[in-house]
Amino acid sequence: MTRPVAVITETEELDPEPGLRLLSDAGFDARFVGSRDPEAIAAAAHDADALIVGYARVDAALLGRLPKVRMIATMSAGYDMIDTDEAARRGMWVSNLPDSATEDVAVHALAQALALTRRLPQADAVVRGGGWSNDFPELPRRVSELTLGLVGFGRIARTLAHIAAPLFGRVLAHDPHATDWPDGVERADLDKLLTEADVLSLHTPSTPQTRGMVNGPLLARMRPGSILVNASRGDLIDPGAVLEALDSGHLAGAALDVFPVEPPAADDPLRGHPRLLLSPHSAFLSDASLRAYATGPAHNVIAWWNTGRPKTPVVVPEQATAPVPRTASTQGAPA
């Protein structure tokens, strides 16, 4: 009987071998495309039952060329690269990896916030330039007197709130969809958050409503001298508006781990601004997270094939089509 087919589109910096090996050991014909190109994906996955996606865009046009696919697994917590409405309409499951790098991203955002609050980039520049403490251009601020504001209150923001609460004087969060509010986190509307937060950290997905939300008018409502941190999605911010706020001093600093275009061009003004602390979309990186990203999507696919449901679904079709026939071994199924 024909083996089920699972195709990995691309993995960027990840090694695809652990995932391919898990799938193969579980009885799949496992393939790796190594490209985001829809033509290459369609050619490799024309007979696929499951698709594992890195950053490749999986839209209605591509799904229309993959008639057998009933399961799409992303290699990230985000899944905005998938046309989830079209996937659900076609009876497909979509899964993500909600916890693979939660701690790593939360710690990264906190590290960025503390580095800017303590003026560490400026301190580093002073010493490297031959100066000392009397040459320090700006005084750091005491963190216990500051308010941390979180836009969005999902897993990462909750972890950040938990580890940051002992350091900051207050933690505020805005999320109209959150229902559970732990002790030590004040629920706030967006206006209150913007006017009272000294450090504003973004933790919201990219949607038509949130893309470009950090624009000139929003930045103008923020507290003068505040700090912006974005380790969420690059298209949440208007880069020009952020640069203008930094130039005027309205923002004391900003930390970006993600960018509207990645990587930014060599002459992108974001690369050279002295009040920007940059990292190369690396907030998720750790030895533990790389292991989880490499194997987690395969575990989702294997669980779906063996049980009819992935481990961490984000799209549950109303009339899901069970994978038939089930010829894959249960050997590779997660515990």
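This passage describes two helix-helix packings in a predicted model.

The pairing of helix α5 with helix α7 involves residues 102-117 and residues 155-164, respectively. The axes of α5 and α7 lie 8 Å apart, and the packing angle is about 55°. Angles from 35 to 65 degrees fall outside the parallel and perpendicular classes, and α5 and α7 are therefore oblique to each other. The crossing in which α5 passes α7 is right-handed. On the α5 side, the contact consists of Thr 102, Glu 103, Val 105, Ala 106, Val 107, Ala 109 and Leu 110. These residues meet Arg 155, Ile 156, Thr 159, Leu 160, Ile 163 and Ala 164 of α7. Sorted by class, the contact of α5 with α7 comprises nine nonpolar, two polar and two charged residues.

The second packing joins helix α1, residues 17-25, and helix α12, residues 287-307. The axes of α1 and α12 come within 7 Å and cross at roughly 20°. Because angles under 35 degrees count as roughly parallel, α1 and α12 are assigned to that class, roughly parallel to each other. The crossing of α1 and α12 is right-handed. From α1, the contact draws on Pro 18, Gly 19, Leu 22 and Leu 23. From α12, Ala 294, Thr 295, Ala 298, His 299, Val 301 and Ile 302 take part. The contact of α1 with α12 contains seven nonpolar residues, three polar residues and no charged residues.

Notes: Residues numbered from 1 in each chain as written. Predicted model: local features only at pLDDT ≥ 70, side-chain atom pairs only at ≥ 80, totals over all residues. Heavy atoms only, no water. Axes fitted to C-alpha atoms, helices over the stretch in contact; angles between N-to-C directions. Helix = DSSP H or I, 4+ residues; strand = E, 2+ residues; numbered from the N terminus. Parallel < 35°, antiparallel > 145°, perpendicular 65-115°, else oblique. Left-handed = near helix turned anticlockwise from the far one by under 90°. Contact = heavy atoms within 4.5 Å. Nonpolar A, V, L, I, M, F, W, Y, C, P; charged D, E, K, R; others polar.
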